[in-house]
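Hi,

Here is the structure I said I'd pass on. Have a look at it first, and then read my notes underneath.

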Amino acid sequence: MIILGIESSCDETSVAIMKDGAILSSLTHSQEEHSLYGGVVPEVASRAHLEKIDILTKRVIKDCNLTIDQLDLIAVTDSPGLAGALLVGVSFALGLHTAYGIPVTGVNHLEGHICSLFIEHPDIPTPFLSLLASGGHTAIYRYESYGNCRCLGQTVDDAAGEAFDKVGKLLGFPYPAGRAIEEEAGKEEKTGTTDERENKKEKIKFPIARLSSPDSLDFSFSGLKTAVKNFISSNSGQYIKENRPQICGAFQKAVVGSLVNNLHQASRSCGIKTIALGGGVACNGYLKNELIKNFGADNVFFPSPKFCTDNGAMIAMAGLKMYNASKTRFPNMDPARGIS
Ligand code: KG4
Ligand code: ZN
């Protein structure tokens, strides 16, 4: 079974070829032009997808020594995402479907992130709790099998990655800022004496949001962003510059603390110990270490960074799961569709 996966929902144009569940080749073009604007500009994204999608698809097919008529299925992200960006991928996939008669299925981007785990961990025990933390979404799902996946809690405002990007902007990092914040926080351990570091840590702390219902598994990150903003505006530019690693460390600790707390609560209430990660924030080493500390190395599964951020391989994997469950569907673009 050879599947071409196509992803173009936001600012990555990505295609991959999967054969019988194994990725043969995967190519991603990340649109760096958005860093000029501090966030993704939808019109710029659509144009950049248009420029790359054809070239990348031809290359990935050639890399695998295949011809287009050998494809058994095209899996394309049709929801959720930027309308114009989705339109490029979906129109391209439908063009191939019409011209070559290759079957096509629409894939939900969030299901793609959850399924990214199966690329490198096909035998992960089910059911598991999937934490999806990206620039657009933050949610915990209980995953049993394809089509049997329930959302237990999600962000009520900003996504975790969005919080990293917004705080990064306040601290002068280019978009997207997640990785830069993690790197800056890493410098914290290398500055001053142990006492000085502890002293600074005591002074710089940000709150973890608690939602009104104690049973809620929802997240909120907008208050944390405001807390960092207020901290920056109430201290001198010099102080902020000198303490940037500590600020990044305290912010990262608050985001990760919130993710870990909710996973603990979900794990207790569902009686599930296996934790799977997905989405760009799953690249974060501090998050992975904290989860391993809390749940044990044998219970925590995460994809390689190239399969955490948006990629065509995860869409091919979701396409395979859909095919195996007889749940493929004709692409139906919807910028706002969640997981039903
Ligand atoms: O999954 P993704 O590529 O796109 C969406 O579907 O949104 O995730 C991108 C997000 C960005 O917000 C980026 O800042 C964040 O993932 N990210 C990170 C790290 N690497 C990427 N956040 C925290 N730590 C990282 N190392
Ligand atoms: Zn994504």
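S130 in β6 has Y141 in β7 as its bridge partner. On another strand, β9, the residue standing opposite S130 is A276. Before you lean on any of this, please keep in mind that the model is predicted.

Now for the strands themselves. β6 (residues 128–133) and β7 (residues 138–145) pair in the antiparallel sense, with 6 bridges between them. The link from β6 to β7 is a hairpin of 4 residues. With β9 (residues 275–278), β6 runs parallel, and 4 bridges join the two.

How much of β6 is buried? That strand is mostly covered, with 6 of its 6 residues buried. F128, S130 and L132 point one way, while L129, L131 and A133 point the other way, and all of them are buried.

The other thing to look at is the metal site. Which protein residues hold the zinc ion (ligand 2)? The donors are H109 and H113, each through NE2, plus D310 through OD, and they sit 2.0 to 2.1 Å from the zinc ion. Along the chain, the donors of the zinc ion follow the spacing H-x3-H-x196-D. H113 belongs to helix α3 (residues 109–120) and D310 to the loop between α11 (305–308) and α12 (312–324), so this pair ties together parts that are 197 residues apart in sequence.

As for the geometry, the 4 donor atoms around the zinc ion subtend angles of 95 to 137°, so the arrangement is irregular; a tetrahedral call would need all angles between 85 and 135 degrees.

Both H113, at 1% relative accessibility, and D310, at 13%, count as buried because the cut-off is under 20%.

Cheers

Conventions. Residues numbered from 1 in each chain as written. Chains lettered and ligands numbered in written order. Predicted model: local features only at pLDDT ≥ 70, side-chain atom pairs only at ≥ 80, totals over all residues. Heavy atoms only, no water. Donors = N, O, S within 2.8 Å, 3.2 Å for Na, K, Ca; no water. Tetrahedral: all angles 85-135°; square planar, octahedral: opposite > 155°, others 65-115°. Buried < 20%, exposed > 50% of the residue type's maximum accessible area, 1.4 Å probe, protein only. Pairing = 2+ DSSP bridges.
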